[in-house]
Amino acid sequence: MTNPIAIAPSIPDSRVSFPDTLLQSFENLHLNNIGIGSEYAISPYLTAPATSNTGGIFLAPNLQFPTERFLPSINHVGGGETTTAVPVPSENSIILRSALTPYGSQKLQQYLAYKDSAVINLVFEAVIDSIFEIMTDQFGHQVFGNLIPLCNQNQLNMIATMIVMHQDTFIKVCLDNYGSPSVKRLIKLRVKSYYLDGAIVRALHQGFLQLMVHKTGCHVILQCMETLSIEDNELLYEATINNFFDLAMDVNGCLALNSVIDVIKGPRRNELLEAIADLAVCLSQDPYGNFVVQNLLGLQYPNITKKICYLLKDHYARISMLKGGSHVVERCLKSPERGYAVEAFVECQEQVLVNVARDQFGNYVIQTALKETKHADRALHDRLVMKLRSHLRDLQRGYGRNVCNLICNQDSY
C-alpha cells in the first residue's frame, strides 16, 4: 500500500500546511500564533488548520522536510518498491498560494500589520513575479493592498518594471473588478516613486480608449487625473482630446468623458471644452453625445455656452424632437444665450413650429421657451406666443395640448 504522506505536489490531497523552515522564518521575526493554511485552500500544500498544539499549524504525522528540499515518493513497480525524489514547494511558492486563499490572505495581512521590514521583504519576494495574479485575485488583492504602502522605493520600482515589461497584461488588470482598485492604490503612492507614475501613465496611454469605454477601467485613468500633476497627466490629457468624439458617442465613454471634464486641469481643459463645443451639433443628436453637451452647458462658461447656442441655431427644431436633444435645447433656453433658440423658433416656418409643439419631446422645449422668455425677454416671448396662437386649433390635439393650455393660461407661469 502506498504511503499516504508521500504524495507528489500535483495531487491535491497533501496534508502539508506550511514547511518547518518557513515557520521558523516567521518565528525568528517574533511573530506569534503563526499559521497559514485554508479550509478553502486551492493549493495542494495548504490545508485547513486542525486542532493541535502547534499554534494552529497542521502538519502531517511524522512528516519531515529534509535539507535537500525533497520528499520521498514510494512507487510500486512489479511488486517491488522504488524511491524517487519529489520537490517540496519553496517558501515563496507557499506564500504566493496562501495569498490566494481566504485564510492565508487573512494571515498574511496580519503579519504585514507588524510593519516589520523582514516580513515585508519576505512577502514581496514571494509575490513580485506573480504580482498581476495577486492584484486580480479575490483574496490576493487584499494582501496587495496591505503590502504596497509598506514597500520601499526600490520595491515599487520593481513593480513599475513589471508594468513596463507587460503593458498588455497590466491593461487587463485595470479592466478587472479586483485589479482596478489595486492599480488605484498604486497611483495614490506617487510620493514614493515617480518612476512608477511614469510606467503607469504610459501603459494607460497605450490602452486609453479600451479603458475609457469600460465601466471599470475608466476609474483607473480618472484616479490618475485626480492624483497626479498636470505634467504627469499630459499623455492622458492628450489622449482624451484625440479620442473625445469616440468617447462621447459610447454608452460608457460619454460618462467617463464627463468625469474627465470635471477633473482635467490646466490649458488642456479649455482645449478639450472648445473641441467638444465645436461638434455640438453632431453630439446633440446622438443618444449618448447629448449628455456631454448638456454637461458643457451646465458648466455655465460664457464663451462655451455662446458657441454651442450659436452653432445650434439652424438645428433647434430637429434637435428638439429628439429625446436627448430636447434636453440640450432646454439647457440652451435656460442660459443667458436663450435668444438664439427662441429666434430660431420665431423665424422658422409655422408648420415646423407646430410640429415641434405637438411632438412628445418638442412640446417641453416650447413650454420652456415660453416660461424662460416671459420675464427675461418679454418682446421675444410675445412674438413666440403670437405665432403659436394662430395655430391653437392644431395644438389642441396630442402633446400640443400642453402648449395650448400654457398659452391660454399665461398667469400660471
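How much area does the protein expose, and what share of it do carbon and sulfur atoms supply? The protein exposes about 19,600 Å², and 51% of that comes from carbon and sulfur atoms. Keep in mind as you look around that this is a predicted model.

Let's start with the overall picture. The protein has 26 helices and two strands. Of its 413 residues, 50% are buried. If you take the contacts between residues at least 6 apart in sequence, 70% of them join residues at least 24 apart.

Now zoom in on helix α12, which covers residues 218-227. This helix is mostly covered, with seven of its ten residues buried. Which ones are the buried residues of α12? They are Cys218, Val220, Ile221, Leu222, Gln223, Cys224 and Met225. As for what does the covering, look for α8 (167-174), α9 (179-187) and α10, along with α11 (208-212), α13 (234-248) and α14 (253-263), which are included among the elements over those buried residues.

One of those covering helices, α10, spans residues 194-206 and is where you'll find Val201. Val201 has a relative accessibility of 4%, so it counts as buried; the cut-off for that label is under 20%. Setting aside residues up to four places away in sequence, Val201 touches Cys224, Leu228, Asp232, Leu235 and Leu236. Cys224 is a name you've just met, as one of the buried residues of α12. Leu228 sits 27 residues from Val201 in sequence, with a C-alpha to C-alpha separation of 9.7 Å.

Moving along the chain, have a look at how α15 (residues 267-278) packs with α18 (residues 302-311): the angle is about 15 degrees and the axes are 9 Å apart. The two helices are therefore roughly parallel to each other, and their crossing is right-handed. On the α15 side the contact is made by Leu273, Glu274, Ala277 and Asp278, and on the α18 side by Ile304, Lys307, Ile308 and Leu311. Sort the residues of this contact by character and you get five nonpolar, three charged and no polar ones.

Next up is the pairing of α17 (residues 289-299) with α20 (residues 323-333), whose axes come within 9 Å and cross at roughly 10 degrees. Why call α17 roughly parallel to α20? Because angles under 35 degrees count that way, and the crossing of α17 and α20 is at roughly 10 degrees. The handedness here is left-handed. From α17, the residues Asn290, Val293, Gln294, Leu297 and Gly298 meet Gly324, Gly325, His327, Val328, Arg331 and Cys332 of α20. This contact of α17 with α20 splits into six polar residues, four nonpolar and one charged.

Follow the chain out of α20 and you come to the loop between α20 and α21 (339-347), where Arg338 lies. Is Arg338 buried or exposed? With 18% relative accessibility, Arg338 counts as buried, since the label applies under 20%. Leaving out neighbours within four places in sequence, Arg338 is in contact with Cys332, Leu333, Glu372, Thr373 and Ala376. Cys332 is also one of the α20 residues that meet α17. Finally, Arg338 and Asp377 are 39 residues apart in sequence, and their C-alpha atoms are 9.5 Å apart in space.

Note on methods
Residues numbered from 1 in each chain as written. Predicted model: local features only at pLDDT ≥ 70, side-chain atom pairs only at ≥ 80, totals over all residues. Heavy atoms only, no water. Axes fitted to C-alpha atoms, helices over the stretch in contact; angles between N-to-C directions. Helix = DSSP H or I, 4+ residues; strand = E, 2+ residues; numbered from the N terminus. Left-handed = near helix turned anticlockwise from the far one by under 90°. Contact = heavy atoms within 4.5 Å. Nonpolar A, V, L, I, M, F, W, Y, C, P; charged D, E, K, R; others polar. Buried < 20%, exposed > 50% of the residue type's maximum accessible area, 1.4 Å probe, protein only. Areas by Shrake-Rupley, 256 points an atom, 1.4 Å probe, with all protein chains shown as cover. Parallel < 35°, antiparallel > 145°, perpendicular 65-115°, else oblique.
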